[in-house]
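Got your viewer open? Let's walk around the pockets and a bit of surface, one selection at a time.

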Amino acid sequence: MEEFVRNRITALRMNKGVSEYQMGYDLGRSRGFINNISSGKAMPSMKEFFSICEYFGITPMDFFDTEHEDPALTGKAVEEVRSLDDDDVLLILTLIKRIKGRK
């Protein structure tokens, strides 16, 4: 589990295009905070874990969802779809099915 957390934070950080130092700074932590997690010297507390999820714009559930490379993007799409009426949701669903059929 610890290795998963370290690797997931690294993957999400790299996907966001920020350095370990920058992420630690953005979270208001020491410059080595993320490096210590990535190197296995430390694990984030629950409070820090929730802050990390918030930093990436994801839920804790998204953090553990490895099927999506960019869970924040998926979350934004779901958020937008939820604001649509049923006719528009059906239109989007038709478009998704059409796109998937091309692959």
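By class, how many nonpolar, polar and charged residues does the lining of the second largest pocket have? Keep in mind as you look that this is a predicted model.

Start by selecting Thr59, Asp62, Pro71, Gly75 and Lys76: of the 13 residues that line the second largest pocket, these are the closest to its centre. The space here comes to about 170 Å³. Sorted by class, the lining has four nonpolar, five polar and four charged residues. Now colour helix α6 (71-82), which supplies the largest share of this lining, seven residues.

Keep α6 coloured and move on to the largest pocket, which holds about 210 Å³ of space. Select Ala77, Val78, Glu80, Val81, Leu84, Ile92 and Ile96 to see its lining. The class tally here is six nonpolar, no polar and one charged. α6 gives the most to this lining, with four residues; α6 and α7 are the elements that give two or more.

Next, cut the selection down to Leu84, Ile92 and Ile96. These pocket-lining residues also form a nonpolar patch on the surface, with about 210 Å² of accessible area together.

Last stop: zoom in on Ile92, in helix α7 (residues 86-102). Is Ile92 buried or exposed? Neither, quite: its relative accessibility is 34%, so Ile92 counts as partly exposed, the class between under 20% for buried and over 50% for exposed. From here you can see Ile92 in both of its roles, as part of the pocket lining and as part of the surface patch.

Definitions and conventions:
Residues are numbered from 1 along each chain as its sequence is written. This is a predicted model: local features need pLDDT of at least 70, side-chain atom pairs count only at pLDDT 80 or more; totals for chains, interfaces and linings use all residues. Side-chain values use heavy atoms; hydrogens and water are left out. Patches are made of residues with over 30% relative accessible area and no salt bridge: like charges are joined within 9 Å, nonpolar side chains (Val, Leu, Ile, Met, Phe, Trp, Tyr) within 5 Å. Accessible areas come from the Shrake-Rupley method with a 1.4 Å probe; for residues, only the protein chains shown count as cover. A salt bridge is a side-chain nitrogen of Lys or Arg within 4 Å of a carboxyl oxygen of Asp or Glu. Buried means under 20% relative accessible area, exposed over 50%, partly exposed in between (1.4 Å probe, protein chains only). On a 1 Å grid over the protein atoms alone, a cavity is a set of points where a 1.4 Å probe fits but cannot get out, and a pocket is an open set with protein on both sides within 12 Å along at least five of seven lines; lining residues have an atom within 4 Å of a point. Grid points are joined across faces, edges and corners, and a volume is the space filled by probe spheres set on the points. Ala, Val, Leu, Ile, Met, Phe, Trp, Tyr, Cys and Pro count as nonpolar, Asp, Glu, Lys and Arg as charged, and the others, Gly among them, as polar.
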